[in-house]
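Dear colleague,

I am passing on to you the structure that we spoke about, with the sequence and the coordinates placed just below. My notes on it follow, and I would be glad if you read them with the structure open beside you.

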Amino acid sequence: MATISLTAPLEGWVSPLDEVVDAVFAERMLGDGLAIDPTGDVLVAPCDARVLVVQPSGHAITLETPEGAQLLIHLGIDTVALDGRGFEPLVAAGATVTRGQPLIRFDLDLVVREAQAAITPVIVTNGERFAIAGRAKAGAVAIGAPLLTLVASEVATVEDASDGPAARRAVTVALSHGIHARPAAKLAAAAKTFTADVTLTKGERSASARSPVGLLSLIVAHRDELTIEARGVDAEAAVAAIGDLLATDLDEGAPAPVPTPAKPRTVPEGAIAGVTASPGLAIGAIARWQVRDLDVPPLGAGIAAEEACFESARAALADDLAARSAGATGPARAIFRAHADMLADPALIDAAQSSIAGGASAAQAWRDAIRPQAEALRAGGDPRLAERADDMRDLERQLIARLMGMEQEVATLPVGAILLADDLLPSQLMALDLDRVAGLAIERGGPTSHVAILAASRGLPALVALGAPVRDLAEGARVVLDASEGLLHVAPSPELVADAEARLAAVAQRRAAARARAAEECRTADGTRIEVVTNCGSAEDARVAAANGAEGCGLLRTELLFLDRATAPDVAEQTAAYQAVADALAGKPVIVRLLDIGGDKPAPYLPIGPEENPALGLRGIRVGLAHPDILDDQLRAILAVRPAGQCRIMVPMVVGLDELRQVRAALDRVGGGDGVELGIMVETPAAAVTASQLAREADFLSIGTNDLTQYALAMDRGNAAVAGALDGLHPAVLRLIEQTVTGGARHARWTGVCGGLASDPLAVPILVGLGVTELSVAPAAVADIKALVRDLDMIRARDHARAALDCAGAAEVRQLAREFAR
Ligand code: PEP
Ligand code: MG
């Protein structure tokens, strides 16, 4: 199976052909493809190709790829009418062009002014021979970004019956990024559904298809040739299934958006250029951090003893990662889970066990097992895979540290440090006292590494890939880290420092002004009341939030009390915990969410068997309804909090009225049916689209945008591979929010948001514009979000929200939101 990758020939905004105002294109009469609304003025070749035709008026070009796929790129709609005005072809028919080579220069202003539209279809005209297997998502695109993947032909299955039931197939990999973490996990999961052993071979290297790490170590790139072999009763079916997965795009489409690396063209004197991993500005003193190898004894003290040590350290680390993942949110949770998956990888475990059997100590054996895999990833030349090698090194350290009885290294840092590291591992960043760190300057690394994702999620300015020049920087040297501009000023002039200080002071001033008014009631500039409350998991969170002006608690995550222990907390323990939160908020309302456990938040005492797809399994209120004793105890505990009525009750993961009615029946059962407000979380598309029904019986609605986004976009919120695309500002999610608000309003119910979107300054104007009247935000964000709401004008916010609903994708909404913020 041959595949062809086409890259964007224009800078602009990708949209489906349906959005082209010309039926010839919109109805795919010329073929399937995508459209780009250009923002630049040059059309380049989307692949190596031969030019078949350049329209005499210069507005369209036809290309043929070496494989025979024929492409038509049509600059604008009705541009033939311009008679060549505004188009300057740079190549002629018959020319051989290479990907990225300029083909046509055009005058965008003229096209916008005079043609029907500038939107440019990119079409595959011989679709009968080349199907589109992957396409870029709608949104901003830069020249050279993946646009379309074409699949040319099938490869037949070859059976090898020489030694029992066996099957074999050659396949050309269609995955746009080859086998990276996400496809490896998907392939391994598929392989595990067969009893046959499936092996993938590339050149001289082979790996079991059941091992994600083994698959990664093959360094399989897009269009590589692989052989799949299987042996076992269902060998043929296994080969067919794995082959089909490899020969399709596995839903990869365009890569997840990567933070735009800012690399200035000219580097000012006294500065070092890096790549932006997390934007922002910081002034501080260099504090060096070095990742050193931990010393391990090469030889073991007996095979049985080392095996036992290995197993118990591995089990302990697995428990620790599971607990940390359950207690974390956002990317941190995904990263803990990714590490837990790697730790359970059978290929790594086998390799370590054979090393132990050969006499190595458990620590040495783990290093022997994991290092070659990490090195192979690094050597493969794919920067994304190389970034995953850091996770392997991290896991190497974490298990070795456990085997050697070492604590996680914690640096003692001066306040305001610019942490300078040749490399930094995700677990090390998570262990740092980030209150002391002003920014990160990393010699190696990449913008999509987990360290970069973590830094961005915490708003910590970070530059990566600064290179060798940073090695000469002295400890304590004062620098200006302008991560937004991709520059580390190592010899800043007094003027530059003064300018950076002024910019930082302006931010601090805004913060201080927000703090000063934190305790005031929150209204928009034109008087609409918006309650800003907080999400908390403990009384400490509630105290921080109260000091920041929280008007109550919009989401008490009670599951934290239930995790990481052998038995469920009893009524008295629960009451004490909820009472402490209520006391910290001094009479303000507290919305207690009923136990939201299961899925990725496991509890050992709940008999929930392993589930293939826990996010779609027994979780949220389904668990409470399946275990009425636990539900009843929790209801009793909430009802015992004084003063009575301070606590409201919220039901998680609702999909229908029946669940709400069952909780009401449980409330009646424990004698608390009257007087307590009972609301629901809207976290499933089912709840959002039936909000008007649910609102008939629910006292309030609170949208959990974290789950709502994962279920609406079909992207696992714990999967680091999709973390970059999992954005609650996707118009699909916004439309579900709109439906919820409208449904609630029909029965005079208020709608709040308690998911992460409520703490996102870019999202808040849209949420308020959609009619959300309660925002439950992170404790530290309360004062800032209140200040932001005070600046909003409802008419503008509503217009802005409407425009957001019409955007083509989350990236477009974010762009719009940035413009609105400005
Ligand atoms: C949510 O899903 O948005 C939410 C607030 O719940 P949690 O993140 O605890 O699942
Ligand atoms: Mg949730």
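Ser361 has its place in the loop between helix H8 (346–357) and helix H9 (362–379), where helices are DSSP runs of H or I with at least four residues, strands are DSSP runs of E with at least two, and both are numbered from the N terminus. With a relative accessible area of 3%, Ser361 is buried; here buried means under 20% relative accessible area, exposed means over 50%, and partly exposed is what lies in between, with a 1.4 Å probe and protein chains only. A polar atom of the Ser361 side chain lies 3.0 Å from the backbone nitrogen of Gln364.

Before going further, please keep in mind that this is a predicted model, in which local features need pLDDT of at least 70 and side-chain atom pairs count only at pLDDT 80 or more, while totals for chains, interfaces and linings use all residues. Residues are numbered from 1 along each chain as its sequence is written, chains are lettered from A and ligands numbered from 1 in the order in which they are written, and side-chain values use heavy atoms, with hydrogens and water left out.

I turn next to the magnesium ion, which is ligand 2, and whose protein donors are Glu683 (OE) and Asp707 (OD), lying 2.0 Å from the ion. Donors are N, O and S atoms within 2.8 Å of the metal (3.2 Å for Na, K and Ca), and because water is not among the atoms, sites may look incomplete. The two donors link distant parts of the chain, for Glu683 is in the loop between strand S32 (678–682) and helix H20 (685–689), whereas Asp707 is in helix H22 (residues 705–713), 24 residues apart. Both Glu683 and Asp707 are buried.

Ligand 1 has 14 residues around it, of which Arg557, Arg593, Gly704, Asn706 and Arg717 come nearest; a residue is near a molecule or strand if one of its heavy atoms lies within 4 Å of it. Oxygen atoms of ligand 1 take part in several polar contacts, a polar contact being a pair of N or O atoms within 3.5 Å (within protein, one must be able to donate a hydrogen and the other to accept it, and residues adjacent in sequence count only if both atoms are side-chain atoms). An N or O atom in the side chain of Arg557 is 2.9 Å from an oxygen atom of ligand 1, a polar side-chain atom of Arg593 lies 2.8 Å from an oxygen atom of ligand 1, and for Glu683, which is also a donor to the magnesium ion, the corresponding distance is 3.1 Å. Taken alone, ligand 1 exposes 290 Å², and the protein buries 99% of that, the areas coming from the Shrake-Rupley method with a 1.4 Å probe, where for residues only the protein chains shown count as cover. Strand S29 (553–557) and H22 are the elements that give two or more residues to the shell around ligand 1, and H22 gives the most, with 3 residues.

Some points of the backbone also deserve a look. Most residues other than glycine have a negative phi, and most peptide bonds are trans. Arg642 and Pro643, however, are joined by a cis peptide bond, with omega about 0°, and Pro643 has its place in the loop between helix H18 (628–639) and S31. Ala465, although not a glycine, has a positive phi of about 55°; Ala465 lies in the loop between strand S25 (462–464) and strand S26 (478–482) and is partly exposed, with a relative accessible area of 28%. Ala714 likewise has a positive phi of about 55° without being a glycine, and lies in the loop between H22 and helix H23 (731–746), where Ala714 is exposed at a relative accessible area of 71%.

Finally, two further residues may help you to find your way around. Cys647, in strand S31 (residues 647–651), is buried, with a relative accessible area of 7%, and the C-alpha atoms of Cys647 and Ala508 are 35 Å apart in space, with their positions 139 residues apart in sequence. Gln662 lies in helix H19 (residues 657–669) and is partly exposed at 34% relative accessible area.

With kind regards
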